Amino acid sequence: MAHTSSRAAILDVIRAAGTISRVELTRATGLTGATISTVVRRLMNDGLVVEAGRAESTGGKPRMLLQLDPSARFAVGVHLDHAGITYVLANLGGAVVARWRKPGAGADDPREVVARIAAEIDGMITRVGIDRTRVLGLGVVSPGPITASVGMVLTPPNMRRWADFPLGDALEDAVGVPVLLDNDATAAAIGEYWAGGIETTSAFAAFYMGTGIGAGILVNGTVYRGASSNAGEVGHICVDIDGPECWCGSRGCVEALAGPAAVVAQAQARGLDLGGADRPVSAQFAAVARAALSGDPVAAEILARSARYLGVAAQTLANVMDLELVVLTGPAFALAGSLYLPAVQEQLSRSFFARASHPVRVTISTNAPEAAAVGAAALVLQSELAPRHSGVRLPPEVAGEVSAQELATLA
Ligand SMILES: [Zn+2]
């Protein structure tokens, strides 16, 4: 355990830094120089870390820089949804090597869908031409809620057939690699973190809007999962105790008042042409967003109101978790993010409780359309390569203990 945590911490700091020297690693992790050189040697033997040339000299011997070898390992991410299945192949650095999208689970038998997914992944690994032994595993994400072990209870109405289907086991048998399941918002947050640009010591949330609204929360590089991996359900924050019923069983939820389905219903009621009421909610929401972006005042008004609700949800989560950063992601924000961002940012700037101490920054993900699938792959990379239960930076007394234990096992 001690070894795992120092290895995980070192790997995570190298990943976040891009390139870093051994001396800088001792400063960033609080581990001793002896532990750093032992663990780095092992990471190099495993092919995960390579030397990347020497830093500019500032007097004395220039330092050798270390970096991840992005092609050392790969992970497959799958976002399984009613309307579509998105696949990505990501490398160790979190970069997407291949991506494609196929028709969704629809009303098909779950066993047929699993066979289809296995065949897709097999064909893709062959096409890209990577060594199969470098594929660490498969991450699969879906709209929550989920159960912690193998079952994913896809209770959103479209996928009721999947409730109690042993998805993890079935995929593991069919694909032949370890399978991890998670909800889409949590995975999207891990994907943002793994792909870089986020401080390893930050408190941030990824706000995910697909057909529903959720959030994944990372504090010091570690996911906050709650008791059953269902934390971050910001779509079900109540903003009107007498509001409309929500599918979750509560009333007046943000999602029921301002989620994509609510936006579409309001647009239909106001007579906007969304290309046919039988189209999927995601397609009709996209039509509202496009209308607003091209200057339709009714569409713009409906989305501006939705954005104010999202702002309140973001403020609520920021107040509870003392967040520094909110990243808007998922297919709905990929298209409409620029319409939501100013309202969310304004709400946080004006009303975030600890605004006198620090601001909460709001950004749009660069991976928004396929964030959940990228996150599914990152889930595998993180759990295989950097499993941990605490933050990256170890307190000095723990770090000392770790290195003593490690040195003892080496002696
Ligand atoms: Zn609800």
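## Helix 8 and helix 10

A crossing of two helices is right-handed if the near helix is turned clockwise from the far one by less than a right angle, and left-handed if anticlockwise. In this predicted model, the crossing of helix 8 and helix 10 is right-handed.

Helix 8 covers residues 260-269 and helix 10 covers residues 297-321. Their axes lie 10 Å apart, and the two helices pack at an angle of about 150°. Because angles over 145 degrees count as roughly antiparallel, helix 8 is roughly antiparallel to helix 10.

On the helix 8 side, the contact is made by V263, Q266 and A267, which meet I302, L303 and S306 of helix 10. Sorted by type, the residues of this contact comprise 4 nonpolar and 2 polar, with no charged residue.

## The chain as a whole

The chain has 411 residues, of which 51% count as buried. Its secondary structure consists of 13 helices and 13 strands.

Contacts between residues at least 6 apart in sequence can be divided by their separation along the chain. Of these contacts, 62% join residues at least 24 apart.

## After helix 10: D322

A loop runs between helix 10 and strand 12, the strand being residues 325-329, and D322 is found in this loop. D322 is not a glycine, yet it has a positive phi of about 50°.

The relative accessibility of D322 is 40%, so this residue counts as partly exposed.

## S202 and its contacts

S202 also sits in a loop, here between helix 6 (184-194) and strand 9 (203-209). Its relative accessibility is 8%, and therefore S202 counts as buried; the cut-off for buried is under 20%.

Which residues does S202 contact, leaving aside its neighbours within four places in sequence? They are L218, V219, N220, G221 and E324.

## The kink in helix 11

Helix 11 spans residues 331-351 and has a kink of about 80°. The kink is centred on G337.

G337 is also one of the buried residues of helix 11. The others are A332, F333, A336, Y340, V344, Q347 and L348.

## Summary

Helix 8 and helix 10 form a right-handed crossing, and the contact between them includes no charged residues. Of the two loop residues described, S202 is buried, while D322 is partly exposed. Helix 11 is kinked at G337.

How values were computed:
Residues numbered from 1 in each chain as written. Predicted model: local features only at pLDDT ≥ 70, side-chain atom pairs only at ≥ 80, totals over all residues. Heavy atoms only, no water. Axes fitted to C-alpha atoms, helices over the stretch in contact; angles between N-to-C directions. Helix = DSSP H or I, 4+ residues; strand = E, 2+ residues; numbered from the N terminus. Parallel < 35°, antiparallel > 145°, perpendicular 65-115°, else oblique. Contact = heavy atoms within 4.5 Å. Nonpolar A, V, L, I, M, F, W, Y, C, P; charged D, E, K, R; others polar. Bend = angle between axes of the 7 residues up to and from the residue. Buried < 20%, exposed > 50% of the residue type's maximum accessible area, 1.4 Å probe, protein only.
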